[in-house]
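Visitor: Could you walk me through this one, helix by helix and chain by chain?

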Amino acid sequence: MPAFILSRLLQAIPVLLVVALISFAMFAYVGDPVAIMLGQDFTEAQRQALVQSLGLDQPFFVQFFRFAVNAVQGEFGLSYRLSRPVAELIAERAPATLELAFVAAAIAMLVGVPMGVYTGLYRQSWLSRFFLTFSLIGVSLPTFLIGILLILVFSVLLGWLPSYGRGDVVDLGWWSTGLLTASGWKALILPAITLGLFQLTLIMRLVRSEMLEVLRTDYIKFARARGLPDRSVHFGHALKNTLVPVITIAGLQLGSIIAFAIVTETVFQWPGMGLLFIQSVGSADIPVMAAYLMLTAVIFVVINLVVDILYYIVDPRLRAGRGGH
Amino acid sequence: MNNLSAKAAAPLLEVRNLRVEFPTRRGTLTALDDVSFSIRAGEVLGVVGESGAGKSMTGAAIIGLLEPPGRIARGEILLDGQRIDNLPREKMRRIRGKQIGAIFQDPLTTLNPLYTVGRQLQETILTHLPMTPAQARARAIHWLEEVGIPGAAQRIDSYPHEFSGGMRQRVVIALALCAEPRLVVADEPTTALDVSIQAQIIALLKRLTREHGTAVMLVTHDMGVIAETADRVAVMYAGRLAEIGPVREVVKAPRHPYSAGLMASIPPLDRKVEHLAQIDGAMPRLSAIPRGCAYYPRCPHVFERCRVERPDLIDAGTTRAACWLHDPASEKQVPFSGTGSTVHV
């Protein structure tokens, strides 16, 4: 197992290097940082001095190496727009996005898996048909529209929930959380549903189709032939066998929830990383964009690793490959 | 009147006029029609016939696991004189595994790949017997030993993929027998195995069921297995019983032309033959079973009555065959001794 984790981490290095190369390339090709920093009035000597002090006169790979070394230390320079360290900006915004993402993922799993099991077991019931119809809405409506509709109904018409922001936040020093106040939870509900709805319907449909597949297998028939109760056949034997693909999809979806919460955060003016990113794009704030790109890559690498480890825990056939016997 | 003596006299399993139907968009298909037989306690009944004849479906109907939309449309199934075909789901579940065990065809797919064999045995035992988990584990080890798994105490925590095909089928047998059912429905238990393993598995099944007095319904298309294992044999054709009787009689002197064809198509070991005997034509599809005897289009002895009237099982010496040749009232009666070699097919 440790060897397996190590090999996965080694495989991640080239991936991260390529992503770093792309983020680095943005500095060179998206706008000219020197021009941005100098402003309107400057002499050629001033320009030369700045270029030298920034190290931009050095060869491409030397510059890239410095970028990579800094990136590993979490150092991405100053934001052009806000003139503050990028790492600080992201650390400030990350809790909002992570809380939103995990609540959205929890909703998707806790509602999606039982709905999938139910619709797989009772294909003909009217409730299953209702769930499936409902899931079509979740899959086909774009996120921003769902967000706007939710705001219209619950904020504007009913006035139950706030339409934007994070509510009251408790600062724990290294983490600012909205999960400890009532207004924080109220503010979280609509964006979490908006963000999680697509994943919820995706997981539900996936669990359903996997359940239908597994229920046809011989080992389920044999489990019934041994007289095991429905509960253990359905939720033990059948559900566990649907888990491998569900873990894969759910894991990757969690990655995209965190990385691409941009639309939801914009609709609800949620003060997270997505909002920071979209504002940075608007003002060509390349250090922030580069850091965000790197962070996204790291999140996906970590989630993929966790997914692989979960495979090992769920499926003994993969463990056998290690020759443990 | 006297319930007790009636029960004692009743066979362990009795299937009466069983009819299984599949409603489809194009109409109702009859997969089994008028199937009647019984199995006594401790007896081995072989069931043979070609693919699609309804052998496996009969087994599925008995254990109450017909694939929907299949359903029992007529007839009854009795276990110990009690009807079990119309029991509520939950009551039937308690009978499965406890009273009637089942062994399936392919041991590679019958075991849940994510649970250890010990866990699968233990949960089966705990479902049916009042035991503590520790007792159930001891019993599981005992059963693994019974079915000849070497080092059972260590192997109990292995996963199915760590066993070979033959070993897995032994585990399946242990699973089917661990709550000591009185009847086992074994659906082609050796078909998916290597020939060298088949004999071992059959011998094991035979020994264990004899020791525990378990009756067996052995579904197979291997006549060799039937001949050496079964007490009686039922020959099925197109969802109906063609012939049923003591295994020696049916093998040596089949009364139904279809049984005769089946026996004749077993290649002899003691001499070379130019062509293997075969029955011309194919079994009719369920949607196109002829009105009279289902076998008449392929039957070498067909006469007028076969085309219009369907024969029930008729006493034919020591066996019973669904063939008009054996009805004294038929206008045509072939002096049909039925020895495999004399029937040309």
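What follows is a short run of questions and answers.

Guide: Quick ground rules: this is a predicted model, where local features need pLDDT of at least 70 and side-chain atom pairs count only at pLDDT 80 or more, while totals for chains, interfaces and linings use all residues. Residues are numbered from 1 along each chain as its sequence is written, and chains are lettered from A and ligands numbered from 1 in the order in which they are written.

Visitor: How far apart are the end C-alpha atoms of helix α9 of chain B?

Guide: Helices here are DSSP runs of H or I with at least four residues, strands are E runs of at least two, and both are numbered from the N terminus. The expected span is 1.5 Å times one less than the number of residues. For the 18 residues of α9(B), 195-212, that should come to 26 Å, and the end C-alpha atoms agree, being apart by 26 Å.

Visitor: Which residues of α9(B) are buried?

Guide: Buried means 20 or more other C-beta atoms within 10 Å of a residue's own, exposed means 12 or fewer, and partly exposed is in between, with C-beta atoms placed from the backbone. The face turned away from the buried side of α9(B) carries exposed S196(B), R210(B) and E211(B). The buried ones are I201(B), I202(B), L205(B), L208(B) and T209(B).

Visitor: Why are those on the same side of α9(B)?

Guide: An α-helix has 3.6 residues a turn, so residues three or four places apart point the same way. The arc is taken from the directions from the helix axis to the C-beta atoms. The buried residues of α9(B) sit on the same side because they cover an arc of only 140 degrees.

Visitor: And which residues of α2(B) are buried?

Guide: Seven of the eight residues of this helix (55-62) are buried, so α2(B) is largely enclosed by the rest of the structure. They are K55(B), M57(B), T58(B), G59(B), A60(B), A61(B) and I62(B).

Visitor: Which element gives the most to the side of chain B that touches chain A?

Guide: Contact means C-beta atoms, placed from the backbone, within 7 Å. It takes 24 residues from chain B and 22 residues from chain A. The elements of chain B giving two or more residues are α3 (89-95), α4 (107-110) and α5 (117-128). With four residues, the one giving the most is α5(B).

Visitor: How far apart are the C-alpha centres of domain 1 and domain 2 of chain A?

Guide: Domain bounds come from an automatic or database assignment. In chain A, it gives domain 1 as 2-72 and domain 2 as 93-142 + 188-283. Their C-alpha centres are apart by 38 Å.

Key: Contact = placed C-beta atoms within 7 Å.
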